[in-house]
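Reader: Please take me closely through a single part of this model, starting from its surface and then going into the detail of how that part is put together.

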Amino acid sequence: MSLRLAPAELEQVQAHLARAYPEEGCGVLVGRDEGERRVVERVVVFENQREDSRRNRYLISPEQLLVVEREARQEGLDVVGFFHSHPDHPAFPSAFDLEHAWPYYSSLIVSVADRQVGEARAWRLAPDRSRFEPETLEPTLAAAAPGPPEEPERS
């Protein structure tokens, strides 16, 4: 299982979460599944809608999520996950994250301390909902420029 994100999208996530510090920042990952690989095509950042405990909890309103889901479907894409920060804590899911996670979706967690982003890690809820399983976070690389043609082998 892997989550593939272009460097520009990861930078957008990190910048948003650094700005939200010392509160949790959040957003949605839009893309598609390619077997065991999930490819993020774009990220949608949101302000934390939570009214209390914003330092260690976040909320994306149902209305916000519905808009993103509709837009994604129109583009032939899906909501494939969510991202949020852990201010002054590691990028590992908390007990609260586990309790409130939804099956299927990727969860990208980024550690932020003093407005500086730290480690980013991706997770998926196990089928039995007992734990998170790590996903490999892969950068999407731009297509390589064609190089000079290879010399044919000589026999």
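Author: The accessible surface of the chain comes to about 9200 Å², and carbon and sulfur atoms account for 52% of it; such areas come from the Shrake-Rupley method with a 1.4 Å probe, and for residues only the protein chains shown count as cover. The model is a predicted one, in which local features need pLDDT of at least 70 and side-chain atom pairs count only at pLDDT 80 or more, while totals for chains, interfaces and linings use all residues. Residues are numbered from 1 along each chain as its sequence is written, and side-chain values use heavy atoms, with hydrogens and water left out. Of the 155 residues of the chain, 40% count as buried, where buried means under 20% relative accessible area, exposed over 50% and partly exposed in between (1.4 Å probe, protein chains only).

The part to look at closely is the barrel. The chain has 3 helices and 7 strands, these being DSSP runs numbered from the N terminus (helices H or I, at least four residues; strands E, at least two). Along the sequence they follow the pattern β-α-β-β-α-β-α-β-β-β. In space, 7 strands form a closed barrel in the order β1-β3-β2-β4-β5-β6-β7, with mixed pairing, two strands being paired if DSSP finds at least two bridges between them. Neighbouring strands of this sheet are turned by 35° against each other on average, direction ignored; axes are lines fitted to C-alpha atoms, for helices over the stretch in contact, and angles run from 0 to 180 degrees between N-to-C directions.

Strand β1 (residues 2-5) runs parallel to strand β3 (residues 37-46) and is joined to β3 by 3 bridges, with Leu-3 standing opposite Arg-38 in β3. Strands β2 and β3 pair in the antiparallel sense over 9 bridges, and in their hairpin, which has 2 residues between the strands, Gly-35 takes a positive phi near 70°. Strand β2 also runs antiparallel to β4, to which β2 is joined by 6 bridges. Val-28 shows both pairings, since this residue stands opposite Val-44 in β3 and has Phe-82 as its bridge partner in β4.

Two helices lie across these strands. Helix α1 (residues 7-20) lies across β1, β2, β3, β4, β5 and β6, at about 35° to β3, whereas helix α2 (residues 62-74) lies across β2, β3 and β4, at about 140° to β4.

Turning to the charged side chains, the whole structure holds 14 salt bridges, each a side-chain nitrogen of Lys or Arg within 4 Å of a carboxyl oxygen of Asp or Glu. Arg-37 forms one with Glu-138, the closest N and O atoms being 3.2 Å apart. Because Arg-37 lies in strand β3 and Glu-138 in strand β7 (residues 132-139), the pair ties together parts that are 101 residues apart in sequence. Arg-37 is partly exposed, with a relative accessible area of 28%, while Glu-138 is buried, at 19%. Both residues are linked with Arg-4 in a network of salt bridges. Elsewhere, Glu-34 forms a salt bridge with Arg-32, with 2.9 Å between the closest N and O atoms; Glu-34 is partly exposed at 37% relative accessibility, and Arg-32 is partly exposed at 31%.

Note on methods:
Contact = heavy atoms within 4.5 Å.
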